[in-house]
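User: I am new to this structure and would like to understand the terms used for it. Could you take me through them with care?

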2 protein chains.
Amino acid sequence: MTIAQVAQRTGLTAHTLRYYERAGLMLEPPPRGDNGHRRYTERDADWIALLTRLRASGMPIAAMRRYAELVRRGRDTYVARKELLEAHRADVIAKIEQLRSDLEIVDHKIDLYSRRIMGEE
Amino acid sequence: MTIAQVAQRTGLTAHTLRYYERAGLMLEPPPRGDNGHRRYTERDADWIALLTRLRASGMPIAAMRRYAELVRRGRDTYVARKELLEAHRADVIAKIEQLRSDLEIVDHKIDLYSRRIMGEE
DNA sequence: CTGGGAGTTAGAGCGCGCTCTAAGTCAAGC
DNA sequence: GCTTGACTTAGAGCGCGCTCTAACTCCCAG
C-alpha cells in the first residue's frame, strides 16, 4: 500500500502520515520499497485508522505517542494501556458533559430570541 | 469593577480580557477611571460570562465577534443572532455525537484489554 | 531523451487562542 | 522620597497540530 492509498483510506494527507510517523505514532516505521517509498501493510492502515479515532475524540498527540509506545512494548503493558484509555475515556465523558451543559445556555438564548422575534412581528 | 475582579469572577486572566477587547468581543470598550484603568460594569461581567460559555462550547473567536457585532447593532438583528446561535448549536450537537461515537471504540478497546488481562492472570 | 507524476527529506510556516514581556504610569503606605 | 503593586500599552512568543515548500530521486509513457 502506498502512502497515497493510506491517505485516501484514512482521510489524512500524506503530509500528516509522515508527520505522525516522525511524531512516534507508528508501531514501527513502515518498510520501504526499492525506490525508497513507504509500503504500508494492512495492519498499518488499521492502526492509523485507530489513531484517527483517538484523535477525533480529542486525544493529544503526546498521549497517542505514549499509547503507541506501550503497544510496542508488548503484552505486559495491557494494564497500562487500559489505564491510559480509561483516563482518556473520562476526559471524553467530561467533555461531553461540559458541552451538554453549555448547550443549555445556547438553547436558552435561542429561545429568548424566538420570543423576542415573535413579540415584535 | 476592576479588571482583576472581572478576571477573578469569570476565570479568565486580565491578559485574556484585554485580548478579548482587542478582538472586538466587548459590546463597547469599558470606560476608564481617572487613572486610565478599565472600569467594568455588571453588564460587562455578565456579557463576558456569556462569552466564556460560548467559548467553552467551542465557538471560535471569530464567531463570537460576529455575535458581538450583531448585539451592538441592536434590536433588528434578533433573527441573525438566533441563526448564528442555531448554527453553533448544530455544531455542538454534531460534536457531541462525534464524541459519543468515538467513545464506543475506546470502550471497546478497554473491554478488550480487560479480557486480555483476565485471561493472563 | 524528455516530461510528468509520485514519492523522498529537512525544515519552515501557519492558524488559533491565548500568554507573556517590557516599559511605562499612577496611588498608597512606610 | 521610595518602594510596592495594580494597572496601562504595543507587540513578541508559545503550544498544538498540522500544512506546506524546496530541492531532490525515481520511474514510466510518448
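User: How many residues does the contact take from chain A and from chain B?

Analyst: This is a predicted model, in which local features need pLDDT of at least 70 and side-chain atom pairs count only at pLDDT 80 or more, while totals for chains, interfaces and linings use all residues. Residues are numbered from 1 along each chain as its sequence is written, chains are lettered from A and ligands numbered from 1 in the order in which they are written, and side-chain values use heavy atoms, with hydrogens and water left out. Contact means heavy atoms within 4.5 Å, and the contact takes 36 residues from chain A and 36 residues from chain B.

User: What makes about 3400 Å² the area buried between chain A and chain B?

Analyst: Buried area is the accessible area (1.4 Å probe) that two parts lose on being put together, summed over both; for chain A and chain B that is about 3400 Å², with 73% given by carbon and sulfur atoms. In chain A, the residues that lose the most area to chain B are Y78(A), L99(A) and Y113(A), together 19% of what that side buries.

User: Why is the meeting of D107(A) and R89(B) called a salt bridge?

Analyst: The term asks for a side-chain nitrogen of Lys or Arg within 4 Å of a carboxyl oxygen of Asp or Glu. The side chains of D107(A) and R89(B) meet at 2.3 Å, N to O, so the pair fits the rule, which finds 4 salt bridges across the interface of chain A and chain B.
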